Amino acid sequence: MDRDDVTWHGYWPAAPTPFTADGLLDEESWRALLRLYAAQGVHGVLVNGSTGEWFSQSTGERRRVVEIAVDEVAGRFPVIAGVTAYTPDEAIALARHAAEAGADGLLATPPPYVHPGPDEIVHFYDRLSSATALPFMVYNWPRGVAVDISAHPGLAARLADLDHVVAIKDSTGDWLRMLGTVEAVSDRVRVFGSFLHRRGLAVLMELGGDGNIDGGGMGAPFAVPYYEAVAARDAAAARAWADRYTALSSRLINPDYSGVFGSPIAQLKAAMRLLGQPGGHVRPPLLPIEDEARLQAIDTVLTESGLKAALGARG
């Protein structure tokens with residue numbers, strides 16, 4: 001497989017998993033969130049990723065999240081199942097279930113906490129990506145696993161050469177390293193990275209790159225038309241949408257992907273609650289943002305960025 005075996009592109013939410021106030025998987029809210037994404041015209045969705053709080057779910061819950069997503073999306077856009085785990089056997093079991101459930105692809109980081117070296121990373125992905133026939137996306141997430149694939153010369157290229165790998169999601173906090181990934185492998189696999197700004201537009205137009213997988217997808221009213229303008233090679237329209245997205249994201253997320261007003265997932269779910277969106281509650285060890293001053297600050301960003309008005313216009 002290579003990049004031409006999939007059509008993955010554009011703006012994808014890395015979906016939060018809604019939980020009830022008492023910590024149960026909220027299946028009704030999960031379905032409602034997937035319907036919201038469909039109404040916003042997103043180009044794909046990642047479930048059970050970092051934003052989906054996979055680390056606090058049981059195996060049964062992770063499987064149920066995938067099953068509901070496949071059922072609710074019903075082929076309207078790709079559903080990619082996150083199968084990150086501490087051991088290859090755990091990840092392979094999740095991957096095989098996702099394939100049986102009808103997911104369109106798989107994604108995983110290197111094993112968290114372990115700090116594997118380059119050869120160990122290649123061996124891990126070789127085993128995991130070949131465990132099913134599904135196309136596979138490598139996820140470089142140094143903030144979460146303390147290993148930066150892009151910091152090892154040639155490692156992204158070695159992973160791109162694996163038979164089932166068709167994409168890399170590069171979420172390094174080092175933008176120049178992300179560009180190095182684009183240069184090294186975008187001719188062979190799709191690259192999702194940090195492209196939703198004017199610098200990113202220049203890269204997409206000239207160097208390569210395919211999309212953003214954005215924690216929560218809250219910026220869809222700006223990001224979906226941005227990628228549609230990119231596809232149409234309409235740079236002027238894309239610049240305008242990029243500026244609107246940046247006015248939102250730059251005030252909520254720091255360059256290292258930490259949150260401005262709290263941990264990123266708690267901040268996201270607080271913002272979604274302010275918008276009336278079905279994000280649900282966080283699970284321990286995360287704590288909800290309840291401080292009125294921080295909630296007001298988040299609400300101010302949502303208003304001043306124009307997101308509230310944009311969502312109102314879309315109904």
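**Pockets, strands and salt bridges**

Me: How much space lies in the second largest pocket?
Reply: On a 1 Å grid over the protein atoms alone, a pocket is an open set of points with protein on both sides within 12 Å along at least five of seven lines, while a cavity is a set where a 1.4 Å probe fits but cannot get out. Grid points are joined across faces, edges and corners, and a volume is the space filled by probe spheres set on them. For the second largest pocket, that space is about 150 Å³.

Me: At what pLDDT do side-chain atom pairs count?
Reply: Residues are numbered from 1 along each chain as its sequence is written, and side-chain values use heavy atoms, with hydrogens and water left out. This is a predicted model: totals for chains, interfaces and linings use all residues, local features need pLDDT of at least 70, and side-chain atom pairs count only at pLDDT 80 or more.

Me: Which helix gives the largest share of the lining of the second largest pocket?
Reply: Lining residues have an atom within 4 Å of a point. Here they are H9, G10, L204, G209, D210, Y227, V230, A231 and R233. Helices (H or I, at least four residues) and strands (E, at least two) are DSSP runs, numbered from the N terminus. The largest share, 3 residues, comes from residues 220-231, helix α9.

Me: How many charged residues line the largest cavity?
Reply: The largest cavity holds about 50 Å³ of space, and N48, R62, R63, V66, A81, G82, V83, L94, H97 and A98 line it. Ala, Val, Leu, Ile, Met, Phe, Trp, Tyr, Cys and Pro count as nonpolar; Asp, Glu, Lys and Arg count as charged; the others, Gly among them, are polar. By class, the lining has 5 nonpolar residues, 3 polar ones and, as charged residues, 2.

Me: Is strand β6 mostly covered or exposed?
Reply: Buried means under 20% relative accessible area, exposed over 50%, and partly exposed in between (1.4 Å probe, protein chains only). In β6, residues 165-170, 6 of 6 residues are buried. The strand is mostly covered.

Me: Which residue of β6 stands opposite N140?
Reply: Two strands pair if DSSP finds at least two bridges between them. Strand β5 (residues 136-140) runs parallel to β6, with 5 bridges joining them. Opposite N140 in β6 stands D170.

Me: Which residue of β7 stands opposite K169?
Reply: On this pairing, 3 bridges join β6 to the parallel strand β7 (residues 190-192). β6, helix α7 (residues 175-185) and β7 make a right-handed β-α-β unit. A crossover is right-handed if, with the strands pointing away from the viewer, the path from the first strand over the helix to the second runs clockwise. The partner of K169 in β7 is F192.

Me: Which residues of strand β4 point the other way from G105 and L107?
Reply: In a regular strand the side chains alternate between the two faces of the sheet. β4 covers residues 105-108, and all of them are buried. G105 and L107 point one way; the other way point L106 and A108.

Me: What is the bridge partner of L106 in β5?
Reply: β4 runs parallel to β3, joined by 3 bridges, and A81 has L106 as its partner there. The chain crosses from β3 through α3 to β4 in a right-handed β-α-β crossover. β4 also runs parallel to β5, again with 3 bridges. In β5, the partner of L106 is F136.

Me: How many residues apart are R64 and E27?
Reply: A salt bridge is a side-chain nitrogen of Lys or Arg within 4 Å of a carboxyl oxygen of Asp or Glu. R64 and E27 meet in one at 3.1 Å, N to O. R64 sits in helix α2 (residues 59-73) and E27 in helix α1 (residues 27-40), a link between distant parts of the chain, 37 residues apart.

Me: What is the relative accessible area of D89?
Reply: D89 meets R127 in a salt bridge of 2.8 Å, N to O. The pair links helix α3 (residues 88-101) to helix α4 (residues 118-129). R127 is partly exposed at 36%. D89 is exposed, at 54%.

Me: How many salt bridges does the structure hold?
Reply: R177 forms one with D174, with the closest N and O atoms 3.7 Å apart. R31, R35, D71 and E72 are linked in a network. The structure's salt bridges number 18.
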